[in-house]
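Reader: I'm new to this structure and would love a close look at one part of it. Could you pick a spot, walk me through it slowly, and then show me how other places can be read in the same spirit?

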Amino acid sequence: MLVVEHLTKVYEDGTVALKDVSFTVDDGEFLVIIGLSGSGKSTLLRCINRLIEPTEGRILWNGVDITQASEAEMRRIRREIGMIFQHFNLVERSSVLTNVLTGRLGYLPSWWSLINYFPEREKERAMAALERVGIADKAHNRADALSGGQKQRVGIARALMQEPKMILADEPVASLDPVLAHSILGYLETLNQEQGITVLCSLHYLDLVQRYATKVIGLRDGRLVYEGTGEQIRNITDEEFKQVYGQEAQRLSVGG
Amino acid sequence: MGANKSSLAKPSWLQALLSLLVPGLGQAVSGAVSRGVYIFLSVVTLSGLAVFAAAQRPRYPDYALSFRAYLYFLLESAALLLFLLALYWLARRYAMKTEFARNVAAPAFVAVTVVVLFLAAPQMLETFLSAAQLKKLYGMTSLLTAFVVAAIWAWNVYDAAWVRGKDFAPSMGNFYMLVIVGVLVLGTRIVQINPAKAIREYKDTGVILGQIAWPWRVAFDYSRSELVAIAKVQAPCPPGSNPPPVQQPKEGRPWVSVTPTCGELSKRDAEGHLTYGTLLTIRGGGFKPNKKVHILWANPLGNTFTPRGFGPTDIQVGPDGTFTTKLYIPDVTIPSVAKGPQIHELRVVQRGAAKFTGRLSKDMKLALEAMLESIMMGLMATAFGIVLSVPLSFLAARNLMSTLHTTSQGFVGGVIGLVGGAYLGKLAGDYLAPLVGGLEKAPILTFFIYFTLVLVLAIVAYRLLSRALDSIAERLPALVSFGVGIAGMALIGAVVGYELGLGYAHGILGITRGPEGALQAAPHTAMLGAVLGAFLGGLWAWRLGVHGTIPIGRMIYAATRLILNIGRSIEPLIWAIMGVIWVGPGPFAGFIALTIHSVAALGKLYSEAIESIDPGPIEALQATGASRLQTIVYAVIPQVMPPFTAFTLYRWDINVRMSTIIGLVGGGGIGFLLIQWIHQFQYEQAGLAVWLITITVATLDFISASIREKMV
Ligand SMILES: Nc1ncnc2c1ncn2[C@@H]1O[C@H](COP(=O)(O)OP(=O)(O)OP(=O)(O)O)[C@@H](O)[C@H]1O
Ligand SMILES: [Mg+2]
């Protein structure tokens with residue numbers, strides 16, 4: 001279970017990106033974060049695995065306060081939390097297999113990296129992960145030779161290597177076309193439903209949100225302005241919509 | 001001077017007057033302070049330099065005279081300039097009616113001014129100064145600079161009349177142009193640019209330049225056929241001595257016969273007057289007809305020389321292969337130990353044409369070996385440069401280092417650990433070193449032991465204590481641990497301050513008070529430093545607050561950058577001089593110099609390459625729980641490989657170039673040979689070295705360019 005309490009983030013330049021945000025995510029939930037550009041979605045996701053240092057507040061992950069974790073504890077926590085990025089964040093010049101293998105680094109001794117050593121069983125695990133996202137045949141290609149959709153699947157395979165209990169996905173389909181978007185979110189949904197992996201995902205398109213979310217939170221200017229179940233988001237009122245997206249916002253697509 | 005006057009109605013006469021008295025003052029009063037400062041400083045600087053440069057003509061410069069002359073010239077220039085400006089104004093007002101005339105007026109004015117100035121210069125020089133005084137100055141430099149300054153002054157008065165602070169500031173183009181002209185005039189004098197000299201002396205250097213430009217004759221060995229005939233001559237010729245017999249002609253072989261075979265040496269007295277010795281009649285035969293023979297004299301030790309001034313030494317052989325000539329026995333310095341009659345030799349030599357053998361000459365082989373030495377020196381320096389600079393470059397990459405923070409307690413523990421660990425390492429080294437033989441017998445092993453122990457123990461202790469203090473501080477009540485942090489930082493500040501205080505006494509006070517005064521002051525400055533340091537350290541920790549962190553990564557980054565910048569700004573040739581002092585002349589000194597410079601240069605280039613990588617993969621790997629080392633290996637290194645390779649090639653190129661000239665200061669390689677040959681006036685050999693350097697550098701340029709092309 002993930003509990004976020006009074007989370008605030010003030011960047012060094014004084015920007016208040018998150019202001020007193022609190023919510024709870026139960027295990028196995030598919031939580032979608034919505035909000036305008038600049039509303040603090042990325043900041044929130046990055047605070048959870050402390051890629052960004054929160055300024056105030058607590059984040060409890062199965063009872064452990066992430067914000068107070070030491071470096072070594074943080075390593076153990078992070079390897080249980082996979083992360084998927086809008087721009088995939090693959091190492092373009094490395095092979096697909098190596099990119100997937102790097103997902104396992106949190107479990108391996110540091111110094112092995114000096115001799116570029118991965119045990120056989122990790123390589124098998126990586127092939128299996130690629131198998132699951134359907135691009136095992138590309139294992140030995142360089143990552144920069146892949147299409148966007150394939151790259152995001154490599155990103156998922158990398159997260160799978162962590163055997164995660166939770167996946168953070170920051171606009172994972174924003175750079176992909178609608179068909180690919182459904183395919184990628186479909187993978188996440190399968191993982192969520194079959195393995196009970198909690199998913200925290202920020203999304204821009206309301207129809208996608210309505211299709212996949214079991215729970216939704218809405219941010220606006222760093223404040224939590226909406227909280228609802230999957231059922232509620234599918235029947236979102238104009239009032240609520242404007243609360244999240246602003247008074248001038250127009251709903252382009254309704255239903256899902 | 002084409003300021004847009006219409007925007008402001010009236011010139012301000014007061015400001016103009018102020019600027020006439022003190023250049024720039026009017027502008028400053030109008031609110032354009034920095035403009036005024038520029039003008040004032042440029043007038044003062046140009047004038048000062050002019051007085052200095054003009055006085056450098058005699059060995060003992062007369063600055064007072066130079067200053068006086070400059071003032072005269074300034075007045076003369078101002079007068080001339082005002083006269084010309086008045087003419088210009090009149091011409092524009094009354095003569096120039098067409099647009100074309102008005103367009104060319106300004107350039108024409110400048111051209112006329114230059115011509116008039118040069119025509120009037122001799123008279124202007126002599127107006128106030130006597131010929132003797134002029135001999136003690138570079139008058140033309142002084143005059144021309146004075147004219148430029150006068151022009152700046154005039155412009156400045158005009159400018160002051162129109163400038164209105166920030167609201168209206170006309171272009172300063174004319175001002176900059178004038179300053180540049182002034183600097184060029186002074187530069188010509190100070191650099192002693194003298195085209196006349198270059199042209200006059202070209203003739204004498206032509207031959208040498210030719211030898212350097214086409215030295216290939218000395219690159220090869222030649223064989224020469226030589227016909228030699230020898231006759232013995234005894235000198236002096238006391239009665240009763242037993243002179244060698246007169247040689248008789250021999251059929252089919254070169255021969256020479258001298259009569260008499262015994263005689264007296266020519267003598268030169270203390271004043272250099274020459275008294276001729278015995279006149280020899282020389283006949284010879286059996287040589288190639290119609291060619292020349294050369295006569296040489298060999299003293300009793302066998303040293304030969306051409307006896308010039310004692311008779312003909314190059315003689316035409318007749319059609320039958322014989323010749324006859326006469327020669328005084330030359331004056332020969334004989335070793336003082338040799339007493340009594342000595343046997344000398346007269347040698348007749350006929351050289352055949354030189355025959356090309358195709359073998360490389362000794363000099364060419366030397367040059368090739370030295371070239372190889374240079375190339376290898378450049379290669380090795382590059383290799384070592386890479387190995388040493390890569391770790392440094394990671395420390396000097398802002399994006400990697402800026403994420404590294406520590407609490408003040410962790411910092412205190414870390415510093416104590418670092419110093420303590422290093423000290424423990426040294427102690428352990430002191431214990432272990434004698435076992436392997438010590439610095440004398442096993443210098444490398446000993447150094448390695450010390451280096452590893454100090455480094456490893458310092459790092460281990462740093463991490464241990466840093467973590468230990470951190471976790472202790474976490475368990476203590478927040479305020480107590482805050483106090484611990486402040487106390488620790490104060491302690492570190494005190495130690496650093498103490499050392500700085502000592503340094504201040506010896507380094508700064510020592511300059512004025514001498515070593516004894518410094519020693520006296522040292523305890524006080526050290527104590528003061530300690531107190532001040534403790535205060536500042538404590539204050540820093542206090543300002544950080546309970547949860548604040550110290551950006552230790554940024555500090556390491558800044559320190560590494562500083563070291564790299566220093567290493568880079570000292571030229572390789574200067575490092576080579578230090579290398580020669582350290583390990584003596586030779587390629588090793590050059591290698592050290594190039595390696596140090598390569599480490600600094602590559603470290604900077606590499607770290608900039610690291611700073612410009614895509615941060616996405618780093619973030620992704622951090623998110624998987626990868627350690628710092630793993631992140632570097634799998635996210636940073638793959639991304640920096642291409643730029644690293646490019647920079648390495650570039651550096652290799654530079655290093656080989658540098659290695660060819662680093663020998664000029666004793667760094668070994670071909671430069672060493674080159675400078676030796678030049679000092680011995682062996683210009684053809686020097687030419688060989690120059691050619692080899694040029695060929696190598698050009699080839700290398702081509703190779704690295706094509707490799708780089710392939711990589712892109
Ligand atoms: N490193 C940073 N330094 C300062 N301000 C930042 C930084 N990163 C983000 N911000 C600011 O914080 C606020 C929230 O940014 P964030 O990236 O979290 O928004 P977002 O909801 O993810 O937007 P988008 O949908 O465009 O990705 C914005 O105002 C942004 O400008
Ligand atoms: Mg974002």
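Author: Happy to! Let's start with a pair of residues: B:T259 stands opposite B:T281, which belongs to β5(B). Please keep in mind throughout that this is a predicted model.

That pair is part of a longer match between two strands. Strand β2 of chain B, residues 255-259, runs antiparallel to strand β5 of chain B, residues 279-285, and 5 bridges join them. As background, strands of a sheet pair through backbone hydrogen bonds, and the pairing can be parallel or antiparallel. Now stay with β5(B) and look for another partner. Strand β9 of chain B, residues 323-328, is joined to β5(B) by 6 bridges, again in the antiparallel sense. Here you can pick out B:R283, whose bridge partner in β9(B) is B:T324. So that you can picture the side chains too: in a regular strand they alternate between the two faces of the sheet.

Let's return to B:T259 and follow the chain onward. The peptide bond from B:T259 to B:P260 is cis, with omega near -15 degrees. B:P260 sits in the loop between β2 and β3 (267-268) of chain B. Another cis bond is found in this chain: B:A235 and B:P236 are joined by one, with omega at about -10 degrees. The place of B:P236 is the loop between β1 (220-235) and β2 of chain B.

A further loop of chain B is worth a stop. B:T313 lies between β7 (304-305) and β8 (314-316). Is B:T313 buried or exposed? Its relative accessible area is 10%, so B:T313 counts as buried, the cut-off being under 20%. Leaving out residues up to four places away in sequence, B:T313 touches B:V293, B:H294 and B:I295, along with B:T306, B:P307 and B:R308.

For a contrast in setting, move to a helix. B:S66 is part of helix α4 of chain B, which covers residues 63-95. With a relative accessible area of 0%, B:S66 is buried. A polar atom of the B:S66 side chain lies 2.7 Å from the backbone oxygen of B:V51. Setting aside neighbours within four places in sequence, B:S66 is in contact with B:V51, and also with B:A50, B:A54, B:A55 and B:L137.

Now over to chain A, where strands appear again. An open sheet of 4 strands has the order β2-β1-β4-β5, and its pairing is antiparallel. Which strands stand at the edges? In chain A these are β2 (16-25) and β5 (64-65); each has a single partner strand, so one side of each is left without a neighbour in the sheet. For β5(A), look at strand β4 of chain A, residues 56-61: the two pair antiparallel over 2 bridges. In one of these places, A:W61 has A:V64 in β5(A) as its bridge partner.

Chain A also gives us a ligand to look at. Around ligand 1 there are 14 residues, and the closest are A:S37, A:G38, A:K41, A:S42 and A:T43. By class, this shell holds 8 polar, 3 charged and 3 nonpolar residues. Helix α1 of chain A, residues 41-48, supplies the largest share of the shell, with 3 residues. Oxygen atoms of the ligand take part in some polar contacts. One such atom is 2.6 Å from an N or O atom in the side chain of A:S42, and an oxygen atom is 2.8 Å from a polar backbone atom of A:G38. A:E171 places a polar side-chain atom 3.0 Å from an oxygen atom of ligand 1. Taken alone, ligand 1 exposes 630 Å², and 62% of that is buried by the protein.

Let's finish with two loop residues of chain A. A:N116 lies between α3 (96-101) and α4 (120-133), and its phi is near 55 degrees, a positive value in a residue other than glycine. A:N116 counts as exposed, at 51% relative accessibility. A:D221, in the loop between β9 (215-220) and β10 (223-229) of chain A, has a positive phi of about 50 degrees although it is not a glycine. A:D221 is exposed as well, with a relative accessible area of 61%.

Methods. Residues numbered from 1 in each chain as written. Chains lettered and ligands numbered in written order. Predicted model: local features only at pLDDT ≥ 70, side-chain atom pairs only at ≥ 80, totals over all residues. Heavy atoms only, no water. Buried < 20%, exposed > 50% of the residue type's maximum accessible area, 1.4 Å probe, protein only. Contact = heavy atoms within 4.5 Å. Pairing = 2+ DSSP bridges. Near = heavy atom within 4 Å. Polar contact = N/O pair within 3.5 Å; in protein donor to acceptor, adjacent residues only side chain to side chain. Areas by Shrake-Rupley, 256 points an atom, 1.4 Å probe, with all protein chains shown as cover. Nonpolar A, V, L, I, M, F, W, Y, C, P; charged D, E, K, R; others polar.
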